[in-house]
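Work through the following exercises with the predicted model open beside you, and try each task before reading its solution.

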Amino acid sequence: MSAFPIVILTGAGISRESGLATFRDADGIWASVRIEDVATPEAFARDPARVHGFYNARRRAIADPAMAPNAAHHALVTLARAWPAPVLVVTQNVDDLHDRAGQPALIHMHGELAKVRCTACGAVHAWTDDLSTDTPCPACGVRGGMRPHIVWFGEMPMAMDDIGAALDACGLFVSIGTSGNVYPAAGFVAEVRGRARTVELNLEPSSGTRLFDEAIHGPATVIVPAFVQRLLDGL
């Protein structure tokens, strides 16, 4: 089999077995808090302290030493290092598990919990501590302008031009652990359908399962390493 560029979209399902909560399951994050209260620009303008509290808790969760990349994260690193053509992972996740696994080509389209951004000067900083309305920007010193480096509902995802170019060039598109409900990521499969092979790897069928050429369902730590091995065996 000849090698072709691969784009892999990952969602919360790939991190669930590392102990991180998903968003849209019955027991997920959005079951206990309203999107409108913590994940929109309007929420931040209305009650920044509450928004900071929500993301501070999530930032502390990913900093827990018990949270570590799992076999699915590591399998994607193995694929990227062994595959003769480009492999790009585009993640909707704001955790840093792909980073810690060593993923060489990675786009966080929805931002990163471990970073913060100054609304005054635009500087982005790596960040592990809590953030408050009184936190000064390390670059410009302005207080009250620091926010999570997260794409909130109503904001444009990051690096969309780079993602679009990769989708245009890929020969295989793989979706892992996604609900198929959040756009624009949910529309990627329709963009490449008919000119690239499409595969869904998910715990259960997503809302867009019918759009994929192949769907494999089960725990990510089982089906992702098996799928990667199948690809590499075919070289």
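**Exercise 1.** Determine which element gives the largest share of the lining of the largest cavity, and describe the class of the lining residues.

*Solution.* Step one is to find the largest contributor, and this is α8, from which four residues of the lining come. Step two is to list the elements that give two or more residues to this lining, namely β1 (6–10), α4 (71–82), β7 (172–176) and α8 (220–233). Step three is to name the residues themselves: the largest cavity is lined by I6, I8, L76, L79, L172, V174, I176, L201, V224, F227, V228 and L231. Sorted by class, the lining consists of 12 nonpolar residues, with no polar and no charged residues. The space inside the largest cavity comes to about 50 Å³, and the structure holds one cavity of 30 Å³ or more.

**Exercise 2.** Work out where β7 sits in its sheet, and decide whether its residues are buried or exposed.

*Solution.* Begin with the strand order, which is β3-β2-β1-β7-β8-β9 in an open sheet of six strands with parallel pairing. The edges are formed by β3 (106–108) and β9 (214–217), each of which pairs on one side only, and the twist from one strand to the next averages 15 degrees. Next, examine the neighbours of β7: five bridges connect it in the parallel sense to β1, where I8 stands opposite V174 of β7, and five bridges join it to the parallel strand β8 (residues 197–202), where S175 stands opposite E200. Following E200 onward, its bridge partner in β9 is A215, and β8 and β9 run parallel with four bridges between them. Finally, consider burial, for which the cut-off is under 20% relative accessible area. L172, V174 and I176 point one way from β7, whereas F173 and S175 point the other way, and all are buried. Because five of the five residues of β7 are buried, the strand is largely enclosed by the rest of the structure.

**Exercise 3.** Identify which residues of helix α6 are buried and which exposed residues lie on the face turned away from them.

*Solution.* In α6 (residues 160–169), the buried residues are I163, A166 and L167. They lie on the same side of α6 because the arc they cover around the axis is only 100 degrees. The face turned away from this buried side carries D161, D162 and D168, which are exposed. For one residue the reasoning can be made explicit: L167 lies in α6, and since its relative accessibility is 0%, L167 counts as buried. L167 can also be related to a residue further along the chain, for V192 is 25 residues away in sequence while the C-alpha to C-alpha distance is 6.6 Å.

**Exercise 4.** Establish the order of the strands in the open sheet formed by three strands, and state the sense of their pairing.

*Solution.* The order is β5-β4-β6, and the pairing is antiparallel. The edge strands, each pairing on one side only, are β5 (124–126) and β6 (146–150), and the average twist from one strand to the next is 40 degrees. To check one of the pairings, take β4 (residues 111–118) and β5, which pair in the antiparallel sense over three bridges; within β5, H125 is the bridge partner of V116.

Conventions:
Residues numbered from 1 in each chain as written. Predicted model: local features only at pLDDT ≥ 70, side-chain atom pairs only at ≥ 80, totals over all residues. Heavy atoms only, no water. Pairing = 2+ DSSP bridges. Axes fitted to C-alpha atoms, helices over the stretch in contact; angles between N-to-C directions. 1 Å grid on protein atoms, 1.4 Å probe; cavity = no way out; pocket = protein on both sides within 12 Å on 5 of 7 lines; lining within 4 Å. Points joined across faces, edges and corners; volume = space filled by probe spheres on them. Nonpolar A, V, L, I, M, F, W, Y, C, P; charged D, E, K, R; others polar. Buried < 20%, exposed > 50% of the residue type's maximum accessible area, 1.4 Å probe, protein only. Arc of directions from axis to C-beta.
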